[in-house]
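Here is a short briefing on one protein model. Please keep the sequence and the coordinates open while reading.

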Amino acid sequence: MTVALSHIFKSSNAQAFRGLTNILEKAKAHAEASGVSEQAFLDHRLFPDMNDMKWQVQMITEFAVRGAARMTGIAGDDLPNLPMEGDTFDALIARIADCASTVAKADDATIDGNATLQISMPIGPDQTMDIDGQSYVLSFFLPNLFFHVTTAYNLLRMQGVAVGKKDYMGM
């Protein structure tokens, strides 16, 4: 049995978004119950040189929307740019829902047909990476998506939010 690239891409995004929403909802409830400000959770970093919780969510959502655009053949210069917004749990949860809807609307046949599409993307100052669509999804996009979802999970877990694997898995 062959699994379509669009199914892998879209179902992985949907699961990551469900998990991210779960942990943010639990963090919001934890903040309210403990009297700790949302900002304390959203501004938290694992290490001083890493981005904060809020940025993790903003990045995940922009990355997913831009990934869907890449896989539907949108050129690098025309990729959507989402403003790095969302200063509350509610705003970030709404952002996730909006981005999940955008990704879900990406055309399956186009994604599947773009498995061999050559994608050129920036990976640092004055650096680009050229990769085909299938390798982009399987070897670049998915590891990055789950890295940032895991980082968000870890940020909340280390602050005492009672989240577990089921929450992370979007169950």
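This is a predicted model. Lys26 is partly exposed, with a relative accessible area of 35%. Its salt-bridge partner is Asp167, with the closest N and O atoms 3.2 Å apart. The points below take up the salt bridges, the core, helix α3, the hairpin and two single residues.

**Salt bridges**

- The structure holds five salt bridges.
- The pair of Asp167 and Lys26 links distant parts of the chain. Asp167 sits in helix α7 (residues 165-168) and Lys26 in helix α1, 141 residues apart.
- Asp167 is buried, because its relative accessible area of 11% falls under the 20% cut-off.
- Lys28 pairs with Asp90, and here the closest N and O atoms are 2.8 Å apart.
- Lys28 belongs to helix α1 and Asp90 to helix α4, so this salt bridge ties together parts that are 62 residues apart in sequence.
- Both ends of that pair are partly exposed: Lys28 has a relative accessible area of 21%, and Asp90 has 44%.
- Asp87 and Lys54 form a salt bridge at 3.9 Å, N to O. Asp87 lies in the loop between α3 and α4, while Lys54 lies in helix α3, 33 residues apart.
- Asp87 is partly exposed, with a relative accessible area of 46%. Lys54 is buried, at 14%.
- Asp43, Lys54 and Asp87 are joined into one network by salt bridges that share partners.

**Nonpolar core**

- The largest nonpolar core has 47 residues. Those that touch the most other members are Leu20, Leu24, Met53, Tyr136, Phe141 and Leu156.
- At least two core residues come from each of α1 (5-34), α2 (38-42), α3 (53-71), α4 (89-104), β1 (118-124) and α6 (133-157).
- Helix α6 gives the largest share, 11 residues.
- Which residues does Leu24 contact, leaving aside its neighbours within four places in sequence? They are Met53, Val57, Phe89, Leu92, Ile93, Ile96 and Leu156.

**Helix α3**

- Is α3 largely enclosed or not? Of its 19 residues, 18 are buried, so the rest of the structure largely encloses this helix.
- The length of α3 agrees with expectation: at 1.5 Å a residue, its 19 residues should span 27 Å, and its end C-alpha atoms are 27 Å apart.
- At the start of α3, a side-chain oxygen of Asp52 comes within 3.4 Å of the backbone nitrogen of Lys54. Lys54 is also the residue that meets Asp87 in a salt bridge.
- Gly73 follows just after α3 and takes a positive phi of about 90 degrees.

**The β1-β2 hairpin**

- Strands β1 and β2 (residues 127-132) run antiparallel and are joined by six bridges.
- Which residue of β2 is the bridge partner of Gln118? The partner is Asp132.
- Two residues separate the strands in this hairpin. Asp126, in the turn, has a positive phi of about 60 degrees.
- On the core side of the account, β1 is among the elements that supply at least two residues.

**Two residues to inspect**

- Asn13 is placed in helix α1. Is Asn13 buried or exposed? Asn13 counts as buried, at 0% relative accessibility.
- Beyond its neighbours within four places in sequence, Asn13 contacts Ala64, Val103, Phe141 and Leu145. Phe141 is one of the core residues that touch the most other members.
- Pro80 is placed in the loop between α3 and α4. Asp87 is in that loop too.
- At 29% relative accessibility, Pro80 counts as partly exposed.
- With neighbours within four places in sequence left aside, Pro80 is in contact with Glu62, Val65, Arg66 and Ala69.
- Pro80 and Ser12 are 68 residues apart in sequence. Their C-alpha atoms are 20 Å apart in space.

Terms used. Residues numbered from 1 in each chain as written. Predicted model: local features only at pLDDT ≥ 70, side-chain atom pairs only at ≥ 80, totals over all residues. Heavy atoms only, no water. Core = buried A, V, L, I, M, F, W, Y, C linked by side-chain atoms within 4.5 Å. Buried < 20%, exposed > 50% of the residue type's maximum accessible area, 1.4 Å probe, protein only. Helix = DSSP H or I, 4+ residues; strand = E, 2+ residues; numbered from the N terminus. Contact = heavy atoms within 4.5 Å. Pairing = 2+ DSSP bridges. Expected span 1.5 Å × (residues − 1). Polar contact = N/O pair within 3.5 Å; in protein donor to acceptor, adjacent residues only side chain to side chain. Salt bridge = Lys/Arg side-chain N within 4 Å of Asp/Glu carboxyl O.
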